[in-house]
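Colleague: I am new to this structure and would be glad of a guided look at one part of it. Could you take the part you would like to show me and then lead me on to the rest?

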Amino acid sequence: MSDIEETEVRGGQGQVLDPETYRDSIGTMDQSGKRKWVYPRKPKGKYTNYRNLVSYILLVIYFTVPFMKINGNPLILFNVIDREFFIFGQPFYPQDFFILTLGAIASLIFIIVFTIAFGRIFCGWICPQTIFLEMIFRKIEYLIEGDRNRQMKLDRQEWNSEKIWKRTLKWTVYLVISLIITHFMLMYIVGYKEIFKIISEGPFAHPTNFIIMILFTAAFYFVFAWFREQVCTLVCPYGRLQGVLIDKDTINVFYDFNRGENRAKWRKGEDRKAAGKGDCIDCHQCVVVCPTGIDIRDGQQLECVNCTACIDACDEVMEKVGLPKGLIRYASENEIEKQTEFKFTGRMKGFAIFLVLLVGFLGYLLYNRGEMEAKFIKPAGSTFFVRDGKITNTYNYTFLNKTNEKKLVTIKVIEPKHGEVIYSASSKIPVERDKITKGTINISFPEKEMNLSKQNITIGVYDMKGKLVDSYQTYFEGPFKLQF
């Protein structure tokens, strides 16, 4: 490769900087601890295309889910204010929070197991912070200000007309997008109809909601316009969690130091192996594309989000100089050290099976709940009365229909037998979907059946097909009797 070609491989900077000086010039912190802005070069390549596809799919999901319904219920809704929760169209209530707690625990285990097996792939491919920053805000920045070198030039130049209008345009677009993201995020809490209502009625009609939207918009704008990669390197606990979970069999983005060292500049026609040089031509393209400003060649680092930009950059350079791709690739530390081909080991298979089981468990928690929740509570201060040889107690019932269809139910005493239910109205009680129904019944037992002054009984709720949909254990009061 000629000197001109070498400059092109180095990103068109026109000079080769000392490696240490170069690393310091793009790091997130200088030697005094002051933040240094990261200007990543626009990545391109196979993995970037895959990431774009995944990100676009996830963005479509994010912006469409609030409008999707199943059986008339929102697909996803976490209305903490009104205590309305819907997951995949299934209603959840405060009484179901034990299920959500178990689901959260299972999700945490899923994250831990996934990280042990596959590293920090989530951060680079699925994390909302990465997707919004890299696939929306960063692309807007490239579109308005240009690629890395143009951004650096614009940042250094005086505040002339070009810089003013470009920065103003970028910040204005950032603000609008932050506002849109905030509105859609709040749709997951109160629903899209309520958001449209708030917008149509104006901020003066809903001052609290307006302030909340402004605060969240400001937070999004701050994160994506200024804080950026610092969320991943300083704030996010997942990066720290990764440090204690990964081991030598974990798949991560790795630099093959056995193949790459010793690093040396490219010289056309040179036998690098005979000269004792590795395949790394020290072009720093893996560094300039890194959104967190690290050098992957320094080994695995907590700041690495596994975004694969360095893989694409290195593969592009290797192709230009005629060397094999994969100098930087997805691999385990053992694979790099022992120079063996990647194998889907028994450990990986075990983790994969465990992950599938966890997903199945979460699905079971979400879909296999009771159709109805019933409670029978004696009114405060009430007791019993005896008439015609029968002891009668009064109960207030509360039915919560958790299904997506209206139900007709009836009440029967399961244990002990011979209990009679006396309704204040019809024995067929209508219970609307996703609604709470309340009422009062009397339950009578023959005197000879009740030997205790307070005896446990079980009351069942049945649908019109005779299926038991829920049961509730309470107590039945009667006259005190001496036992001999």
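What follows is a request about one sheet and a connected answer that starts there and moves outward.

Colleague: Please look closely at the open sheet with the strand order 13-11-15-16. Which strands stand at its edges, and what does threonine 458 touch?

Modeller: Happy to. Please keep in mind that this is a predicted model. The sheet you picked is made of 4 strands in an open arrangement, and the pairing is antiparallel. Its edge strands are strand 13 (429–431) and strand 16 (468–477), each of which pairs on one side only. Direction ignored, neighbouring strands of this sheet are turned by 40° against each other on average.

Let us walk across the sheet in the order given. Strand 11 (residues 407–415) is joined to strand 13 by 3 bridges, and these two strands run antiparallel. There you can find lysine 407 standing opposite valine 431 of strand 13. On the other side of the order come strand 15 and strand 16, which pair in the antiparallel sense over 9 bridges. One pair to look for is valine 461 with its bridge partner in strand 16, aspartate 470. The hairpin of strand 15 and strand 16 has 4 residues between the strands, and in this hairpin glycine 466 takes a positive phi near 85°.

Now to threonine 458, which lies in strand 15 (residues 454–463). Leaving aside residues up to four places away in sequence, threonine 458 touches Val413, Ile414, Glu415, Ser471, Tyr472 and Gln473. The relative accessible area of threonine 458 is 19%; buried means under 20%, so threonine 458 counts as buried.

With that sheet in view, a second one is easy to follow. Here 3 strands form an open sheet in the order 3-4-5, again with antiparallel pairing. Strand 3 (76–79) and strand 5 (90–92) are at the edges; each has a single partner strand, so one side of each is left without a neighbour in the sheet. From one strand to the next, the twist averages 30°. Strand 4 (residues 84–87) and strand 5 run antiparallel and are joined by 3 bridges, and the bridge partner of isoleucine 87 in strand 5 is glutamine 90.

There is also a pairing between strand 6 and strand 7 (residues 328–331), antiparallel over 4 bridges. Phenylalanine 254 has arginine 329 of strand 7 as its bridge partner. Strand 6 (residues 252–255) is covered on both faces: Asn252 and Phe254 are buried on one side, and Val253 and Tyr255 are buried on the other.

Next, the aromatic rings. The structure holds 26 aromatic pairs. One of them joins tyrosine 47 and tyrosine 50 edge-to-face, at 6.5 Å centre to centre with 85° between the planes. These two tyrosines are 3 residues apart in helix 3, so about one helical turn separates them. Tyrosine 47 is buried at a relative accessible area of 19%, while tyrosine 50 is partly exposed at 45%. Another pair, phenylalanine 110 with phenylalanine 114, is stacked, at 6.1 Å centre to centre and 10° between the planes. Because they are 4 residues apart in helix 4 (residues 97–118), these phenylalanines are separated by about one helical turn. Phenylalanine 110 is partly exposed at 25% relative accessibility, and phenylalanine 114 is partly exposed with a relative accessible area of 21%.

Ring pairs also link residues into a cluster, including Tyr62, Phe63, Phe67, Phe132 and Phe137. Two rings have a charged side chain over them. Arginine 35 lies over the face of tryptophan 226, at 4.9 Å from the ring centre, and the charged end of lysine 163 sits over the ring of tryptophan 159, 4.6 Å from its centre.

Finally, a word on confidence. The protein averages a pLDDT of 85, and 91% of the residues score at least 70. Among its elements, helix 3 (residues 46–64) has the highest mean pLDDT, 96, and helix 1 (residues 3–9) the lowest, 37. Over residues 1–26 pLDDT stays under 50, and for this stretch the model has 52 contacts beyond four places in sequence. Where pLDDT is low, the predicted coordinates should not be read in detail.

How values were computed:
Residues are numbered from 1 along each chain as its sequence is written. This is a predicted model: local features need pLDDT of at least 70, side-chain atom pairs count only at pLDDT 80 or more; totals for chains, interfaces and linings use all residues. Side-chain values use heavy atoms; hydrogens and water are left out. Buried means under 20% relative accessible area, exposed over 50%, partly exposed in between (1.4 Å probe, protein chains only). Two strands pair if DSSP finds at least two bridges between them. pLDDT is the predictor's confidence in each residue, from 0 to 100. Contact means heavy atoms within 4.5 Å. Rings of Phe, Tyr and Trp (its six-membered ring) pair if their centres lie within 6.5 Å; planes under 30 degrees apart count as stacked, over 60 as edge-to-face and the rest as tilted. A charge sits over a ring if NZ of Lys or CZ of Arg is within 6 Å of the ring centre and within 35 degrees of the ring normal. Axes are lines fitted to C-alpha atoms, for helices over the stretch in contact, and angles run from 0 to 180 degrees between N-to-C directions.
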